[in-house]
Amino acid sequence: MPPSALSKSRQLGTKEMSLFRQLLQQHDERQYKKGVKTADAILKKNPEHGETLAMKGLILYNMGEKENGLEYVRRGVRLDLTSHIVWHVFGIIQRQEHKYEEALKSYTQALRHDSENVALIRDVCTLSTHLRQFEPLVEQRLFLLKTRPSMRTHWVSAAVALDLAGHHDKALTILSDFENTLTDLENADAALKYEMSEVFLYHVSILEKIGKYQEALELLTERQPNICDVVAWRESHARFLTELNRGDEAGDAWRLLIQSNPENRGYYYGFFKTKGIDMTQQLSEQDKASALKSLTLFLEQFPKAGVIQRLRLDLASGESFKEIAHEYLTTRITKGVPSLFVDVKALYGDAEKQQMLGELAEGYRSELAKSCKFTSSDEKTQPTTSYIWTLYYLTQHYSQVRQYEKALEAVKVAIEHTPTLPELYLAQGRTLKRLGCQAEATESVEIARELDGQDRFLNGKTAKYMIRNGEIEKAEQILALFTRKAAVSSATDLCDMEAIWFMREEAKAFNKKEDYGMALKRLHQVFDTFKLWEEDQYDFHIYCLRKYTIRSYLTTLKLEDELRQNKNYVDSAIEAARIYIKLHDDSSLVEKITNPQTDGEVDKKAQKKAKKEKEKAAQKAKNGKDTDGLPVPAEDKDPRGHELVKTEEPLEVAARILAPLNDTKRIDLHHVQFEVAFRRGKHAQAMKALNSTKAINADCRMLHVQSLRLKQALASDEKESDQVKQALSEAMDQIIPSDANLESWNADYLQRNHHYPIRLLGAAEAIVLIRGESNAKDAVNIVMNVDPKTLDPVSAAHIKDFIAKYDADRVDEFRQKVNAQFPYNDDFKSEQQLDEEKKAREETRSERLNAESDQSK
Amino acid sequence: MTRISPRLDLASVTRQNIGTLRRLNGVILPGGFRAWLRGSPNAQLVPYSDGVYEQVQAPELEDFCKLVYYNDIPVGSVCCRIDDGKLYIMILAVLAPYRREGLGRYMLEHILHAAVSDPVPIVKGDKVQPRKKLESVYMHVHVENEDALNFYKAHGFQVVQEVKEYYKRMKGDGNRDAYVLSKQL
C-alpha cells in the first residue's frame with residue numbers, strides 16, 4: 001500500500017509540490033527510474049526534504065538497492081519526524097524485511113500524524129492481526145466501520161476482530177446489524193449469496209463457541225435458504241440438536257448425514273452421542289453392546305462401508321470380536337490391502353485384542369500353507385497372494401509386539417515365497433531398525449527400491465535409512481533421482497521444498513558424525529521453514545476477509561498459533577541447544593570443525609563436490625535463471641555451517657532458540673533448559689527447569705544429577721543478592737533437603753531405583769559430583785554391575801558414554817555385556833563384528849546380482 | 001472345490017521396473033539367469049552376451065516383453081526377441097508358488113496373439129507401423145524339462161531339432177542338451 005495523501009505544510013515550492021505529487025504517482029505506477037529522477041529534481045533545490053528522501057529510498061529499495069534505499073529512508077525519517085509519509089514508508093520497508101513489530105510501531109507513528117488515512121489503517125489492521133494485538137485491532141476496525149459503513153467487508157472484519165479479542169457478544173451484535181441491512185438476498189448475485197452464506201455460518205459458529213445452541217439452531221433454521229454449504233449446514237444442525245438433547249430429531253439428522261456419506265466416522269460418533277454414548281470416552285459394557293447393535297443395523301444398510309466395519313472392531317470384545325475380526329482380516333487379505341495392519345494397529349492397545357489378532361493370523365498361516373484356505377471349513381480356496389499378505393501381516397504384528405525374531409522369521413519365509421513385493425523388504429527393514437541394526441535395515445529397503453525405480457516413497461524411505469546409517473552422500477545421490485534436475489543439489493532442492501523430514505534426519509546424522517556445522521545448518525533450515533510458514537499467513541489476513549472464507553481463516557490462525565508446538569520444531573530446538581552447549585563446553589571444537597584434519601581422501605572428495613556444486617551454481621547464475629526457468633538462489637555463503645559454529649555466544653543463541661518453547665509435557669525440554677540456564681549462571685531459571693522436571697518425574701535421573709549440580713553451585717554463588725539466594729535455597733530444599741547427607745541421599749535414590757539402569761547411571765554421576773572425579777571408578781563400578789536384563793539400548797548408550805569418560809579401559813567389557821543382550825544392535829557390536837557383517841552383506845549382494853546378471857564375467 | 005480367481009495383468013518392461021525382472025530371473029532360473037541364456041539355434045555362442053536387460057526395453061518388442069501381475073504383484077515374465085522374421089522366446093518363467101495357475105498360458109497366448117496383430121498404439125487413435133509378418137515362434141527347452149515340453153506341445157509347438165551341449169554354462173554333470181520347439185504362425 002503506497003503512501004497517498006499529501007501532508008499539508010512541508011515547505012516545498014509550488015513547482016516542487018507538483019513534482020512530489022508526480023513522484024508519488026510514479027511510485028504507484030512502478031515507474032521507478034523516472035521516480036528517482038523526479039526525486040533528484042526536488043532534492044536539488046530542497047536537499048533536506050525528508051518525505052522526498054524517504055520516497056527515493058522506497059523506490060531504490062524496490063529496485064533492489066536495499067541497503068542504499070534503507071539509508072535514504074532513515075535520513076528521511078530523521079529530517080521529518082512528524083510526517084506520516086516518512087513513517088509509512090519506513091513501516092512498509094520494515095514489513096518487507098519481516099520486522100513486523102517494528103513495522104507496526106512505524107505505522108502507529110504515521111497514524112498519529114494522519115489518523116484518518118484509510119490505506120494506513122488497513123495496513124495497521126493487518127499487522128495487528130499478524131502480531132495478535134487484538135485490542136488496537138478492534139479499535140481500528142470499528143473506526144473503519146464507522147467511517148465507511150457502506151463497505152460490507154468492514155462489518156465482517158469488525159466482527160472478526162471482536163471475536164478474536166474475545167468480545168463475542170459485541171461481535172454477534174455487529175453481525176446481526178449487518179445481516180439486517182441486507183434484504184432480498186434471494187435475488188442477489190451468486191457472489192454475494194456465497195459471501196452471505198459464509199457470514200451466516202460464521203455467525204452460527206460464534207454462537208456455538210459460546211454455547212448458545214438454541215440461538216444457533218434458530219438462526220440456522222431461519223437462514224437455511226441462504227446457506228450454500230449444505231454439508232456444513234447439516235453438520236451444524238445435527239450438532240446443535242444433539243447439544244440441546246433433542247434426541248430423536250438429532251438422531252435423524254445424523255442418519256441423514258450418514259446416508260450422504262457412510263464413511264465419515266464423526267457422523268457415527270454424533271449419532272451415538274444422541275443416545276448418550278460418548279465414543280471418545282471409555283465405554284461401559286452396556287453402552288458398547290448397544291452401540292454395536294446400532295452399527296450392525298447400519299451395516300445392513302451400508303454393507304460396503306469400511307468405517308462401520310472398523311468401528312465394530314473398536315466396540316466388540318471376546319468371541320464376538322474374534323468373529324468380526326476374522327471377517328475383517330480375511331476379506332482384506334484376499335483383496336490384498338497393504339495397509340491392513342496400520343488400519344487395525346490402534347486395537348493393539350487392548351492386550352486381549354492384540355493376542356486374538358495374532359492367533360487369527362497364525363491360524364491362517366498354517367491353514368493356507370496346508371490347504372490354501374483361511375480355515376478348514378472355508379468353501380473356497382484362496383489366491384496364492386493371500387498367503388503372502390498373511391505373512392506380511394504377521395511380520396508387522398510380531399514387530400509391533402516386540403517379538404522381533406518371529407517377525408524376521410515370518411518375513412524371511414515371505415520373501416523366499418515372493419521376492420518381488422517391496423512391502424516385504426520394508427517390513428523387514430523396519431523390524432531390523434527397531435532392533436538397532438541400521439546397516440542391515442538399510443540394505444533391506446535398498447533391495448525394495450531396486451524393484452521399482454519409479455516409486456518415490458521407496459526412494460525417500462531408502463534415502464532416510466541411508467542417512468540414519470551415516471551414508472549421507474549416497475542418500476543424496478539417490479534422492480536426486482526425484483528432485484529437480486536443475487537444482488544445485490538434491491539437498492538444496494529438498495530444503496527449498498520444505499522437506500522437514502530430510503532436514504531433521506540429516507541434522508541427526510551430522511550430529512552423530514560430530515559435524516556440528518552441518519547439523520546446525522540443517523536445524524536452522526528447520527527453524528527458517530517454520531518462520532516462513534508463520535509469515536505465510538500474512539497475505540491471508542487481507543485475502544480471506546475479502547473473500548469471506550472466515551471459518552477456514554480462523555482455523556488457519558489457530559494452526560499458526562500452535563505452529564511451534566510441532567514435534568519437529570521442539571525436537572530441532574532441543575537438538576540445536578545441545579549442540580551449542582557442546583560448543584560452549586569444548587572451545588577446541590570450533591577449530592576441529594572448521595579446519596578438519598581428516599585423511600586426504602575424504603577431504604578431497606568433499607572439496608571436489610563443493611567445487612562441482614559451486615560451478616553448477618555459477619553456470620546457472622549467468623542469466624539469473626536455471627534450466628527450469630526458475631530464479632537462481634543466492635550463493636550459499638556458509639555451505640558447511642562454519643559461520644554458525646563460530647558464534648561468539650553459543651549459550652545466548654541456545655537460550656534464544658529455547659525461549660519461545662514452553663511445552664510442559666516434554667521432560668527433555670526442561671533438561672536442556674536447565675543446562676543452558678545453569679551455564680549462563682541463571683540459577684533461578686535453572687531452578688524453574690528443575691521444578692518442571694520434578695512435576696513430570698520426581699525420580700528422573702536428570703533431576704537427580706542436575707539438582708545436585710545446582711546445589712553445589714549455589715553454595716559458592718557470590719553474585720546473587722541475599723534475597724535471591726534465600727529464595728533459591730528454599731526452593732532447593734524441596735528437592736534436596738538442606739540438612740541431608742548427600743551420600744545417604746544418593747544411596748537412598750540408588751536403593752529406590754536400582755531396577756532402572758538409567759537411574760543407576762544418575763546415582764553414579766552423583767557419586768562423581770559428591771566424591772570428585774578422582775573417585776570416579778566407584779561410580780563406574782555401579783553401572784558396570786547393572787543387570788543386563790533390565791537394560792534398554794538407549795540407557796546402555798548413555799552408560800557406555802559415562803564409562804568411556806571415566807574408565808575407558810572398561811568400555812569394551814560393558815559393550816560385550818550389552819551386545820550379549822542386544823545382539824542385533826549396531827552400537828554395541830565390535831569393529832570386527834561390524835566388518836564381518838559388512839562383508840557378508842556385500843557377498844550376499846554380489847551373489848544375488850550375479851544370479852540376476854545377463855553379463856558374462 | 002472353487003477358488004477365488006486372481007486378477008491377472010501384463011505390464012511392459014521399462015527402465016523403472018527392470019529391477020523386478022532381474023529379481024525374477026535371479027530367483028526362478030536355477031543356477032542363475034546367465035546359465036539359461038543362449039542365442040539363436042545356429043549361433044555357436046551367445047551373440048548378445050551383454051544387454052539382455054537393455055534389449056527387452058526396445059519399443060518394437062514392447063508387446064513381447066512383459067511382466068505378469070497376479071493380484072497386483074509381479075510374479076513372472078515373458079521376454080522375446082525377433083530373429084530373421086521369427087519370434088524367439090528367451091524367457092517365459094513364473095515364481096514357483098504361482099505355477100499351475102494358468103500364468104504361463106496367459107502370457108503365451110498373449111504373445112501368440114500379438115505376433116499376428118498390429119501393435120497397440122500407446123495413445124488411442126495414433127497411427128502405428130504395421131508389424132512385419134512373423135513366420136513362426138520358437139524356443140529352446142531343456143530336454144529333461146517335461147513340464148515345459150508338455151506345455152508347449154499342448155499349444156501346438158513341435159520339436160524340430162535337438163541341440164547337443166546347448167546350455168554350456170550349466171554347472172554340474174547334468175544333461176546340457178536342448179530341444180528346439182517351433183510353431184508356425
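**Exercise 1. Determine the handedness of the crossing of H20(A) and H21(A), and describe the packing of the two helices.**

Solution. Step 1: the crossing of H20(A) and H21(A) is left-handed; a crossing is called left-handed if the near helix is turned anticlockwise from the far one by less than a right angle, and right-handed if clockwise. The model is a predicted one, in which local features need pLDDT of at least 70 and side-chain atom pairs count only at pLDDT 80 or more, while totals for chains, interfaces and linings use all residues. Residues are numbered from 1 along each chain as its sequence is written, and chains are lettered from A and ligands numbered from 1 in the order in which they are written.

Step 2: helix H20 of chain A covers residues 351-371 and helix H21 of chain A covers residues 385-400. Helices (H or I, at least four residues) and strands (E, at least two) are DSSP runs, numbered from the N terminus. The two helices pack at an angle of about 145°, and their axes are 9 Å apart. Axes are lines fitted to C-alpha atoms, for helices over the stretch in contact, and angles run from 0 to 180 degrees between N-to-C directions.

Step 3: on the side of H20(A), the contact includes Leu357(A), Gly358(A), Ala361(A) and Tyr364(A); on the side of H21(A), it includes Tyr387(A), Thr390(A), Leu391(A) and Leu394(A). Two residues are in contact if their C-beta atoms, placed from the backbone, lie within 7 Å.

Step 4: by class, this contact of H20(A) with H21(A) holds 9 nonpolar, 4 polar and 2 charged residues. Here Ala, Val, Leu, Ile, Met, Phe, Trp, Tyr, Cys and Pro count as nonpolar, Asp, Glu, Lys and Arg as charged, and the others, Gly among them, as polar.

**Exercise 2. State how H39(A) and H42(A) are oriented to each other, and which residues meet.**

Solution. Step 1: helix H39 (residues 701-715) of chain A packs against helix H42 (residues 757-771) of chain A at an angle of about 15°, with the axes 8 Å apart. Step 2: this angle makes H39(A) roughly parallel to H42(A), as angles under 35 degrees count as roughly parallel, over 145 as roughly antiparallel, 65 to 115 as roughly perpendicular and the rest as oblique. Step 3: the crossing of H39(A) and H42(A) is right-handed. Step 4: among the residues that meet are Val705(A) and Leu708(A) in H39(A), and Leu761(A), Gly762(A) and Leu769(A) in H42(A). Step 5: the contact of H39(A) with H42(A) comprises 6 nonpolar, 3 polar and 4 charged residues.

**Exercise 3. Carry out the corresponding description for H36(A) and H37(A).**

Solution. Step 1: between helix H36 (residues 650-658) of chain A and helix H37 (residues 667-679) of chain A the angle is about 140°, and the axes lie 10 Å apart. Step 2: H36(A) and H37(A) are therefore oblique to each other. Step 3: H36(A) passes H37(A) in a left-handed crossing. Step 4: H36(A) contributes Leu651(A), Ala654(A), Ala655(A) and Leu658(A), and H37(A) contributes Val672(A), Gln673(A), Val676(A) and Arg679(A). Step 5: these divide into 6 nonpolar, 1 polar and 1 charged residues.

**Exercise 4. Identify where Asn245(A) and Glu498(A) lie, and classify their exposure.**

Solution. Step 1: Asn245(A) belongs to the loop between helix H13 (230-243) and helix H14 (247-260) of chain A. Its phi is near 55°, a positive value in a residue other than glycine. Step 2: Asn245(A) is exposed, having 10 other C-beta atoms within 10 Å; a residue is buried if 20 or more other C-beta atoms, placed from the backbone, lie within 10 Å of its own, exposed if 12 or fewer, and partly exposed in between. Step 3: Glu498(A) is in the loop between helix H27 (490-496) and helix H28 (500-512) of chain A, with a positive phi of about 60° although it is not a glycine. Step 4: Glu498(A) counts as partly exposed, with 15 C-beta neighbours inside 10 Å.

**Exercise 5. Describe the contact between chain B and chain A, then the setting of Tyr138(B).**

Solution. Step 1: the contact takes 35 residues from chain B and 26 residues from chain A. Step 2: on the side of chain B that touches chain A, the largest share, 8 residues, comes from H1(B). Step 3: the residues on this side of chain B are 16 nonpolar, 11 polar and 8 charged. Step 4: Tyr138(B) lies in strand S5 (residues 136-142) of chain B and is buried, with 22 other C-beta atoms within 10 Å. Step 5: leaving aside neighbours within four places in sequence, Tyr138(B) is in contact with Lys86(B), Tyr88(B), Val180(B), Leu181(B) and Ser182(B).
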